[in-house]
Structures are given as C-alpha cells and as structure tokens.
Amino acid sequence: MTTSPAPQHGGASAIETLTLQSGRQRLSVLPTLGASVAAWDLQWRGQWTPLFRPWAGSSDLYTTACFPLVPWSNRITEGGFMHKGLHYPVLQNRAGENYPIHGDGWLQAWQAEAYTDNSVVLTLSSEQYDGDPYTYSATQTLTLRDDGLQIDLQVTNRGAEELPFGLGLHPYFPRNAATRLQSRADGVWLCGADPIPTGHTQSFPATFDYNQFATVDFPADGPLIDNCFTGWDGVSRIDYPDRGLRIEMRMEDCNGYSLMYRPPGLDYFCLEPITHPIDAFHMPDRDGLVNLAPGASMRLLTHFKVSEL
C-alpha cells in the first residue's frame, strides 16, 4: 500500500489517499472523505482502465467513485421517523436536497485500522452526528481478490435503544453508447419530480426494463431514473463491448432491492446495492429496515467481479 496527499478543491487541506495494488488491479481509497473509493482500475490491454468512474478530486462525495451508506440509505421524509411511539428527528444533510440522504457515515472521517497489499479495513465510531439519533460503529473492508473487488460493510448499534438500520453502497460506473446493463427486477417504485416513491408497479416505464441487456446511455433529453427496483435477484451485469470487459455486481443475501440513478447526458450511472427502499421509514411494513437492539449488527457484502467479455 502507498499513501499520498490528494489536492482538495476549495483551498482546504490535502486529503490522504491510500492505494492498494494486487495483480492487475489497483484501488485508491479516501478514509477521511467518508471512507470513499477514489479509483478502482484494471491493467488491461497495456494501460490502466477505470472500472469505477474516477474521483474528480473534490471534497464532494458525489464526485468519488463509490462511498458507503450507513446507518441507512437514500432519503427520509417528514423530518425523521417514528419508532415505538417516539419521533426521531433527522436533519437535512446536503445542499440542494429536500430531505436527509444516505445516512451520516459518508459525512465523517473514518480511520484506516489495518491494511495489506490487497485489503484495507476502515472504521468509524459515530455518536449522534449532527443531531442524528444514531450511535453506532461501522467497518468497511475493501479487498482486491483475483476476480475483482469485495466490499464488506457492517454496522453495530452502540446506542442505548433499539433503532431501525439499513445499509447501501453508492458506486459510479462509467458508460458510453456501447455500454449495456442487465439487472433483473419484478417492479419499480415510481416517483414524480420529487424522487420520493408515489406507488409501485410491475409495468416498467419505457427504458426502465433491464431484465434483458439494454443500453444505459441516454441523451440529455432522455428520461431520468432515480428509482428503487424490487425483486432484484442480487446480480447485475455491465458489459463494455468497446473495452472487452464485463463487471458483475453481486450482493450476498440480497433481499430484493437495488437503486438505479441514470442521469441523462452524462458519462456515468449508479447502481446501488441497498437493504431497503427509498423512505422505507414511512412505508407500512418498513420494508428492508432491520431493527437492531443495542449491540446487534447487520452486514452488506458485495462483490464486483471483472472478467473478459
């Protein structure tokens, strides 16, 4: 592993980058920037080829290659949630967002506890960050295996009371006109201009159906996808025929949820393994959320396998 300071936009201090290299793979991580990934590259056809969209060098986590979502994922409405008769407020945490989003682990500095040439363990101890109700510890272990990258994200409730928890990852994948995706699902939560779900359907809108391989490249006037899919079988495949590569994202013990963010006209898209839908805190059955008693834990294990196409 090597360490180096990376310039941070806005005149702030440098952000430390840890770089692993194993075989033909290279992984750069940013522990103090929300435990995010700066780059995951493959030495392919004589050059380093990005497998995640590379970090843009900004302190904005949305410009990184991937970051963890803990102790819940995506958006929460109504200023918080109810649990066992009590209201727990959750504050907005990102400029331009109408709701708090993606938990609070991504907003904090993590520590690199242990590392080898092919693996690093990042840890976080969080106590009601920015007024959030959650006190927890989290670990994210990133490992370069022979066939790709494994990310093991775990959280433990360190608070004094039971609370609902969830996890997710936010990887950014490069795309162009040749890129194809297959990600099986049986339905999707629809939404309006506000990306909060308004209803579930098994009739996919035009260009939303990825049960068979289809393009993920759309022009600037194409339809945005920022939706949770249901019935996901835990395996998604991204083909890059122009590079001769396939990335397979596999979520172990998948409970059927994934989130896709497909912005029109840009050179990337996001496909997020998650444990619960958007705003699950206000769904009747709180789909996918896990009530963790003090000391209890949950885990999200995801493999990103790369192979020749």
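Colleague: Which residue of β3 does T19 stand opposite?

Modeller: This is a predicted model, in which local features need pLDDT of at least 70, side-chain atom pairs count only at pLDDT 80 or more, and totals for chains, interfaces and linings use all residues. Residues are numbered from 1 along each chain as its sequence is written, and side-chain values use heavy atoms, with hydrogens and water left out. Strands are DSSP runs of E with at least two residues, numbered from the N terminus, and two of them pair if DSSP finds at least two bridges between them. Strand β2 (residues 15-22) and β3 run antiparallel, joined by five bridges, and the residue opposite T19 is S28.

Colleague: In the hairpin of β2 and β3, which residue takes a positive phi?

Modeller: The hairpin has two residues between its strands. A positive phi near 60° is found there at G23.

Colleague: Over how many bridges do β3 and strand β4 pair?

Modeller: These strands form a hairpin with five residues between them, and G34 in the turn has a positive phi of about 65°. One facing pair is Q25 and L42, the latter in β4. Strand β4 (residues 36-44) pairs with β3 in the antiparallel sense, and the number of bridges is six.

Colleague: Why is strand β23 described as largely enclosed by the rest of the structure?

Modeller: The description rests on burial, where buried means under 20% relative accessible area, exposed over 50% and partly exposed in between, with a 1.4 Å probe and protein chains only. Strand β23 spans residues 257-262 and has six residues. It is largely enclosed because the number of its residues that are buried is five.

Colleague: Which residue of β24 is the bridge partner of M260?

Modeller: On one side, β23 is joined by six bridges to strand β20 (residues 225-230), antiparallel to it, and N227 stands opposite M260. Strand β24 (residues 268-273) also runs antiparallel to β23, through four bridges. These last two strands form a hairpin with five residues between them, where G265 has a positive phi of about 80°. Within β24, the bridge partner of M260 is L271.

Colleague: How far apart are the closest N and O atoms of R75 and E97?

Modeller: A salt bridge is a side-chain nitrogen of Lys or Arg within 4 Å of a carboxyl oxygen of Asp or Glu, and a search of the whole structure finds ten of them. The pair of R75 and E97 links distant parts of the chain, 22 residues apart: R75 lies in the loop between β6 (68-69) and β7 (80-83), and E97 in the loop between β8 (86-89) and β9 (111-115). Both residues are buried. Their closest N and O atoms are separated by 3.1 Å.

Colleague: Which residues do salt bridges that share partners join into one network?

Modeller: R75 also meets the side chain of D226 in a salt bridge, at 3.7 Å from N to O. This pair spans 151 residues along the chain, with D226 in strand β20. D226 counts as buried because its relative accessibility is 11%. The members of the network are R75, E97 and D226.

Colleague: What is the relative accessible area of D233?

Modeller: D233 forms a salt bridge with R184, with the closest N and O atoms 3.7 Å apart. R184 counts as partly exposed because its relative accessibility is 35%. D233 is likewise partly exposed, because its relative accessible area is 40%.

Colleague: What is the volume of the largest cavity?

Modeller: On a 1 Å grid over the protein atoms alone, a cavity is a set of points where a 1.4 Å probe fits but cannot get out, and lining residues have an atom within 4 Å of a point. Points are joined across faces, edges and corners, and a volume is the space filled by probe spheres set on them. Two cavities of 30 Å³ or more are counted. The largest, whose lining includes R184, M260 and L271, has a volume of about 70 Å³.

Colleague: How many charged residues does the lining of the second largest cavity have?

Modeller: This cavity has a volume of about 40 Å³, and its lining includes D104, D130 and D132. Ala, Val, Leu, Ile, Met, Phe, Trp, Tyr, Cys and Pro count as nonpolar, Asp, Glu, Lys and Arg as charged, and the others, Gly among them, as polar. By class, the lining has three nonpolar residues and one polar residue, while the number of charged residues is three.

Technical notes. 1 Å grid on protein atoms, 1.4 Å probe; cavity = no way out; pocket = protein on both sides within 12 Å on 5 of 7 lines; lining within 4 Å.
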